[in-house]
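Subject: A structure for you to look at

Hi there,

Here is the structure I promised to pass on. Please open it alongside this message, and my notes on what turned up follow below.

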Amino acid sequence: MFHRTIKLPEAHSFFLFGARGTGKSTLLQQEFSQAHVFDLLDARLEEDFALHPGAFAERVLALPDDVRYILVDEIQKIPKLLDAVHRLIENKNRDFIFLLTGSSARKLKAGGANLLAGRAFMRQLFPLTHKELAEKFSLIDVVSYGSLPKIFSLSTDDHKKDFLESYAQTYLKEEIWGEQIVRNLTPFRKFLEISALHSGKLVVIANIARDVGVDPKTVQAYYQILEDTLIGFSLEAYHTSVRKRQKHAPKFYYFDTGISRALARMLSVFPKENTSYFGDLFEQFLINEIYRRNIYERLDYKFSYLQSASGVEIDLLIERPGKVMALIEIKSTTKINAEHSSALQNYADDFPNAELYLLS
């Protein structure tokens with residue numbers, strides 16, 4: 001059991017979004033053990049409420065008076081239930097607090113679902129951070145297999161590989177095909193492999209489209225699906241002009257190194273230290289770690305990367321409200337020398353007030 005650092009509201013309804021397997025249900029059942037649970041992954045319950053949405057409110061109102069917390073797992077399965085949730089929150093006779101989980105906000109947004117207009121806060125859950133893992137944290141293990149909670153209940157490398165491969169197939173089957181987000185899985189499957197191989201690198205849409213065998217607009221739509229289903233996030237190129245930021249290629253990071261390795265079909269390749277492959281995964285791990293902590297601690301930092309015309313690159317720029325900018329260069333080596341800080345020194349005059357960090 002891990003202590004999660006995310007701060008959840010206790011006196012207000014909220015959505016808890018997160019990719020499959022991040023531990024949303026487990027966390028809420030631990031934190032709100034008295035909650036009454038409606039699990040929409042239960043096929044029979046989902047069918048009942050899909051056919052008769054009014055039955056949901058009837059069952060909630062029939063609960064004993066001392067039941068205050070209502071947990072609805074995978075709310076995106078039946079977006080219509082949010083209208084009932086809205087009415088129940090407004091009910092003056094009962095003080096209900098709804099805990100609403102989902103692995104994707106895409107279906108809710110696409111269908112114009114009632115997102116409760118401030119009546120429910122928004123939170124997001126990720127794989128485990130190094131702080132949450134505490135003494136169970138191992139850099140080589142997290143770089144190799146990621147940090148989804150299930151991984152830490154598996155005792156062998158083969159079992160971990162089996163789980164990650166199964167996760168990838170479940171994502172395709174249930175999240176993508178089952179929700180009819182993509183009708184032709186073959187090019188999307190190929191896209192997943194190629195995009196995972198490029199995790200943490202510049203997204204050159206035309207090149208990926210050529211490799212997948214689809215048009216560039218389709219590739220852009222595929223990347224949007226990954227973001228909407230919380231499988232990854234984009235990092236824009238830094239520029240003071242928003243318009244110029246949009247002209248430069250972004251980077252895309254999968255949300256978990258284990259999942260990106262599974263999708264890239266690289267689980268059979270062990271990431272040895274002092275190799276470029278280990279270095280790429282180390283960078284992905286660190287940027288994911290910083291990204292998660294920013295959201296958990298609600299710091300409102302803005303992230304980007306920086307690359308000059310000559311190819312000199314800074315891995316991460318952090319714009320921090322009320323503080324100076326931070327420039328971060330990431331190196332996986334255990335022996336730092338002056339050469340490793342050359343990129344930071346190259347930009348020092350351009351950002352005279354910034355704090356410069358070399359993380360290794």
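**The largest pocket**

Sorted by class, the lining of the largest pocket has ten nonpolar, two polar and four charged residues. Before going further, please keep in mind that this is a predicted model. The largest pocket holds about 350 Å³ of space. Its lining is made up of 16 residues, and those nearest the centre are I290, Y301, I318, I328 and L359. Three elements, α14, β10 (326-330) and β11 (355-359), each give two or more residues to this lining. Of these, α14 supplies the largest share, with five residues.

**The cavity**

Rolling a probe the size of a water molecule over the atoms shows where empty space is left. How many cavities of 30 Å³ or more does the structure hold? There is one, and the space in this largest cavity comes to about 70 Å³. If you would like to select its lining, the residues are V142, G146, S147, D256, T257, Q284, F285, N288, E289 and R292. By class they split into two nonpolar, five polar and three charged. Helix α14 (residues 276-296) turns up again here: it gives five residues, the largest share of the cavity lining. So that you can find both sites from one element, note that α14 gives the largest share to the lining of the largest pocket and to that of the largest cavity.

**Two packed helices**

Two packed helices are described by the angle between their axes and the distance between the axes. For helix α3 (residues 54-61) and helix α4 (residues 81-90), the axes come within 8 Å and cross at roughly 35°. The crossing of α3 past α4 is right-handed. On the α3 side the contact is made by F56, A57, V60 and L61, and on the α4 side by L81, A84, V85 and L88. Which classes do these contact residues belong to? Eight are nonpolar, with no polar and no charged residue in the contact.

**Two residues with positive phi**

Most residues other than glycine have a negative phi, and most peptide bonds are trans. Against that background, two residues caught my eye.

E74 has a phi near 60°, a positive value in a residue other than glycine. You will find E74 in the loop between β3 (69-73) and α4. Is E74 buried or exposed? E74 counts as buried because its relative accessibility is 6%, under the 20% cut-off.

R298 is not a glycine either, yet its phi is positive, at about 55°. R298 sits in the loop between α14 and β8. With a relative accessible area of 60%, R298 is exposed, since the cut-off for that class is over 50%.

**A look at V312**

Finally, V312 belongs to the loop that runs between β8 (302-307) and β9 (313-319). V312 counts as partly exposed because its relative accessibility is 25%, and that class lies between the 20% and 50% limits. Which residues does V312 touch, leaving aside those up to four places away in sequence? They are L306, Q307, A343, N346 and Y347. As for V312 and R44, 268 residues separate them in sequence, and their C-alpha atoms are 56 Å apart in space.

Happy browsing, and best wishes!

Methods:
Residues numbered from 1 in each chain as written. Predicted model: local features only at pLDDT ≥ 70, side-chain atom pairs only at ≥ 80, totals over all residues. Heavy atoms only, no water. 1 Å grid on protein atoms, 1.4 Å probe; cavity = no way out; pocket = protein on both sides within 12 Å on 5 of 7 lines; lining within 4 Å. Points joined across faces, edges and corners; volume = space filled by probe spheres on them. Helix = DSSP H or I, 4+ residues; strand = E, 2+ residues; numbered from the N terminus. Nonpolar A, V, L, I, M, F, W, Y, C, P; charged D, E, K, R; others polar. Buried < 20%, exposed > 50% of the residue type's maximum accessible area, 1.4 Å probe, protein only. Contact = heavy atoms within 4.5 Å. Axes fitted to C-alpha atoms, helices over the stretch in contact; angles between N-to-C directions. Left-handed = near helix turned anticlockwise from the far one by under 90°.
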